[in-house]
Amino acid sequence: MLDSADVLSALHLVYTIYSVAIILLFGWLAFKLTGGKAKGLLRPKLFYSYVALLVFIGVTIHILTFNTIPWVSNDLKRNEIKPEQTFHIEVADHKFILPQKKLMIQCGKTVLFDLDSKDLTYGFGLVRHDESLVFQIQVVPGSKNTLLWQFHKNGTYNIRSTEYSGPKGASMKVDGAVEVVGCKDTDPRAS
Amino acid sequence: MSFVNEFVNGNEGGLKHEGLTPVQKVTLRTVVVGLLFYGLTAIEGMMMRVQEIEPFLGTDHFFSVMTVHPIVGIFGSTYLIVFGAFVFLVPYLMKKPLYSIRIANITWVLIALGALTSWSAGFLFSYAPLYTLYWPLPVDFNQFMPAAALIFVLGIAFIMIGTVLFIFNIFATVFYTERGHEKRPIKPLVLSALGIDGLLNLLRKLRKKPPYSKDPAVSLPVAAIFRGSIDTLFDAFVILSVGVLLLVYIIAKMTGTSMDASSIDALLYKNWFWWGLDLIADGLVLIYVAGAWYLLASLITGKKLYMENVARAALLIELIVSWGVWSHHLLSDQAQPNMMKLASGEMITAFELVTQGIAIFVTLVTLWSARPLKMTNPLKFLLGGMLGFALAVPAGILQADLGLNRILHNTQWIIGPHVHVAILVGLTMTLHSAIYLLFPILTNGGKLWSQKLANFHFWAHLLGGIGMGAFMGMAGLDGMLRRSWYVNGEFNTYMILAGICGAFLLFAWIAFIFNIVMSVGLKGLIGIFLPSKLKTKDTLPEAA
């Protein structure tokens, strides 16, 4: 099962390849613009094919991620799915108030994080020891801030506020707040 | 000629400001002040880059710099440079006088004053709610002084009033009939300024009928300026409305009245605010930039734009698309309805790939059709600007995805490869292309002091901008957040590399400003702020 580290690695690779290709293309165009001779205008058919390709890419990206990134469909249907574990977490005065000192999660269980801000807009993110993100959501006061998640690797994770809530909240963090147990695999960046 | 003499009098006699028209002067004033604000923004940017490597500022100071950085950069610099250029270009392209030179002068003074006022709220009183102003942070008086909030809001109000005056001046210039001229009919002007004529031409072509309009009433760049200004106007009203709301809470606090922040729905506020703010990023910038590319390509090549009707129609689509994309900023807000996330956040946003892709393609084919071209400063900066958007727009489309946003939102990825590459490489290089192109026109034949410095400006800016964005992006993919405080060197390798690239950007600006000062001379530079001796409403002096 894909996790955030896999998706981010794939994104890193894809965007790097794209960036190098587009930089080379512009370099080639800049070189060619100063030489040669124009031979009439490009046919409109090619232009409309290019526009169709852009539409195709714009739509396909989302269809592709919907079908490959595991948390998307669960997120969209989270109101219909019954969680196996629920954690109510309050956020107030730049502090996370957890129901237990450590949130223990069984591998593969569907977990609901239910966040409630009592004052400002915060973020709720789970990060590994090397600070890489597992997920994040916004915690907006007066709104329902829930996230459904399944863990498939053992590990201990820190909670970080991923939204700025003033200078007092610049380093809002709870170390080792979440522990996942019972999986075959272990997250190497979270142990 | 000695260095000091050139510094004072300029290159080959420098700028003879006595021969400048009032429109040339107001344009130069606005652009010069915008370029100075850019320098302030670059210094702030470098302060933050150094802070990310080796913290030397306190949290209050760091976040107040982060708050004023986009205010000074977007409003103080970009708005002024863009507005300055358009105050000249609209009358120049429409071959009629600017509606009001006085309003143009009031505009730049108000915006500059507003940017400085908001900046002082951060500099003097450490006001730091960031530009996003998420409710109720701007009125959290446990963290910020009410007087600081008041100064910040007043500064923003000045900027927005200046913006509204600029838009009035542009709209009035498009539609008014100058004295002595036969009455200009409004309908064709409105249809053309909105791009409806291009759409009608396309539809009639499909039905094999003659075009609705063979000779559009408004040229394509002016149509782009007009359409971008519609978004700018909406944005100004939204920001002003938020300012009024903040003002109510600030005054209540100052007068000892207790007001409950929870009486405002934070999510609704966020939707309203982002709808307006996004009109800058996804409306104003993309439309103005596309218009600028079309103009630059036409002027560089001397040729008609490729697929002009499609480009006109695409600008109209971009205007409508820009009104419906704001939800991509709320993909991590779980109370935001799924339908809004899917439709506005993902699908409508994806159309920006199409509209911006069309603008790049049309511009490149127009340039290609005029080969061989000389690699002038305007051309190389234009190519750099298009490359910037070719990198930044796909980065934005990727983060506007439900799956990817869950692990990208608020990371350095957003602010690096998307925002900074779009603004610094895409937008700023486009503006520099226009500045290099318009420099001899606005200075009545002024000559650049050093081409070597112009080359250094280009390469340092391009490599610095792309490099900084790339290393920030890599840090973001490794989890570095954009508005958090890291003191243990967690991302030092990336931050050192981004800092080096940031320094390139600062040096590029210094080289550019030095080159401009040496070209026009200190006397010429000061002279543009003196009243014009020519009593004319014409855009250029008669002899030019």
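At roughly what angle do the axes of helix α3 and helix α4 of chain B cross, and within what distance do they come? I looked this up first in what is a predicted model: the axes of α3 (residues 59–94) and α4 (residues 101–125) of chain B come within 9 Å and cross at roughly 170°. Since angles over 145 degrees count as roughly antiparallel, I therefore entered α3(B) and α4(B) as roughly antiparallel to each other. Sorting the residues of the contact between α3(B) and α4(B) by class, I noted 15 nonpolar, 8 polar and no charged.

I then turned to the interface between the chains, where I found 66 residues of chain A in contact with 67 residues of chain B. On the chain A side, the elements that give two or more residues are α1 (4–33), α2 (44–68), α3 (71–76), β5 (122–127), β6 (133–139) and β7 (145–150), and the largest share, 14 residues, comes from α1(A). By class, I recorded 38 nonpolar, 22 polar and 6 charged residues on this side of chain A.

Which residues touch the most other members of the largest nonpolar core? Of its 229 residues, I noted Trp293(B) and Ala311(B) in that role, while helix α9 (residues 266–301) of chain B gives the most to this core, with 22 residues. I also noted that this core draws at least three residues from each of domain 1 (4–69) and domain 2 (83–190) of chain A.

Last, I listed the neighbours of Ala311(B): leaving out residues up to four places away in sequence, Ala311(B) touches Leu220(B), Tyr294(B), Leu305(B), Ile358(B) and Val362(B).

Key: Residues numbered from 1 in each chain as written. Chains lettered and ligands numbered in written order. Predicted model: local features only at pLDDT ≥ 70, side-chain atom pairs only at ≥ 80, totals over all residues. Contact = placed C-beta atoms within 7 Å. Helix = DSSP H or I, 4+ residues; strand = E, 2+ residues; numbered from the N terminus. Nonpolar A, V, L, I, M, F, W, Y, C, P; charged D, E, K, R; others polar. Core = buried A, V, L, I, M, F, W, Y, C linked by C-beta atoms within 7 Å. Buried ≥ 20, exposed ≤ 12 C-beta atoms within 10 Å, placed from the backbone. Domains from an automatic or database assignment. Axes fitted to C-alpha atoms, helices over the stretch in contact; angles between N-to-C directions. Parallel < 35°, antiparallel > 145°, perpendicular 65-115°, else oblique.
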